[in-house]
Amino acid sequence: MAEDEEHPELRAIEMATDRRPAIRTIAMPADTNANGDIFGGWLMSQMDMAAGNLAARIARGRVATVAVDAMTFHRPVKVGDEVTVYAELVKIGRTSIRMNVQAFRRERQSEHRDQVTGAVFTFVAIDDEGRPRPVGAED
């Protein structure tokens, strides 16, 4: 059996330490706030999905978001912008995983990208009853 097949969490860790997009999507009109800009909560949910997906692969099972540290919105995202989210592994604890998550916007007619926000997300590996479990342990 190949090492990737025997230890799939190692492949997930490799992916989480590479600088590759975890999610890429288009901001749509349904995602706007009262000012016509993309709602910050929508952007935060994209970041949570991106990092949570990688964290779940590393944990080899369910994870729950338990903290988001110091999120600051630097500039707005507009309808039609391409939003790219990067998630990079910061640390693996006994039951927790910390990910540095950054979101960028690109206007559809341009190749120029701007970082719009970033934060550190902390996830805890959980079992079927929602209790913390060691990272990498099977559910």
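Here are some short exercises on a predicted model, each with a worked solution.

**Exercise 1: Get your bearings**

Find how many helices and strands the protein has, and the order in which they come along the sequence.

*Solution.* Start with the count: you should find three helices and five strands. Next, walk along the sequence and write down each element as you meet it, which gives α-α-β-α-β-β-β-β. Now for some overall figures. The protein has 139 residues, and 37% of them count as buried. Its accessible surface comes to about 7,600 Å², with 49% of that belonging to carbon and sulfur atoms. Finally, take the contacts with a separation of 6 or more: residues 24 or more positions apart account for 68% of them.

**Exercise 2: Follow strand 3**

Work out which strands pair with strand 3, and in what sense.

*Solution.* First, locate strand 3 at residues 82-92. Strand 1, residues 21-26, pairs with strand 3 in the antiparallel sense, over five bridges. To see a spot along this pairing, look at arginine 24, which stands opposite threonine 84 in strand 3.

Then turn to strand 4, residues 96-106, which pairs with strand 3 over ten bridges, again in the antiparallel sense. Here lysine 91 stands opposite arginine 98 in strand 4. Last step: check what joins strands 3 and 4. They form a hairpin, with three residues between them.

**Exercise 3: Arginine 105 and its partners**

Find which aspartates form salt bridges with arginine 105, and decide whether these residues are buried or exposed.

*Solution.* Begin with aspartate 81: its side chain meets that of arginine 105 in a salt bridge, at 2.6 Å from N to O. This pair links distant parts of the chain, since arginine 105 sits in strand 4 and aspartate 81 in the loop between strand 2 (63-73) and strand 3, 24 residues apart.

Now add aspartate 114, whose side chain also meets arginine 105 in a salt bridge, this time at 3.4 Å from N to O.

For the burial part, use the cut-off: buried means under 20% relative accessible area. Arginine 105 has 10%, so it is buried. Aspartate 81 has 3%, so it counts as buried too. Aspartate 114 is likewise buried.

**Exercise 4: A network of charges**

Name the residues linked in a network of salt bridges with Arg106, and compare the exposure of Arg106 and Glu111.

*Solution.* The network links Arg24, Glu82, Arg106 and Glu111. Pick out one pair in it: glutamate 111 forms a salt bridge with arginine 106, and their closest N and O atoms are 4.0 Å apart.

Next, check the accessibility of each partner. Glutamate 111 has a relative accessible area of 69%; exposed means over 50%, so this residue is exposed. Arginine 106 has 14%, so it counts as buried. To put this in context, the count for the protein comes to ten salt bridges.

**Exercise 5: One aromatic residue**

Say where phenylalanine 104 lies, whether it is buried or exposed, and how many ångströms separate it from glycine 118.

*Solution.* Its place is in strand 4. With a relative accessibility of 10%, phenylalanine 104 counts as buried. For the distance, go from C-alpha to C-alpha: phenylalanine 104 and glycine 118 are 8.9 Å apart in space, and 14 residues apart in sequence.

Conventions. Residues are numbered from 1 along each chain as its sequence is written. This is a predicted model: local features need pLDDT of at least 70, side-chain atom pairs count only at pLDDT 80 or more; totals for chains, interfaces and linings use all residues. Side-chain values use heavy atoms; hydrogens and water are left out. Two strands pair if DSSP finds at least two bridges between them. Helices (H or I, at least four residues) and strands (E, at least two) are DSSP runs, numbered from the N terminus. Buried means under 20% relative accessible area, exposed over 50%, partly exposed in between (1.4 Å probe, protein chains only). Contact means heavy atoms within 4.5 Å. Accessible areas come from the Shrake-Rupley method with a 1.4 Å probe; for residues, only the protein chains shown count as cover.
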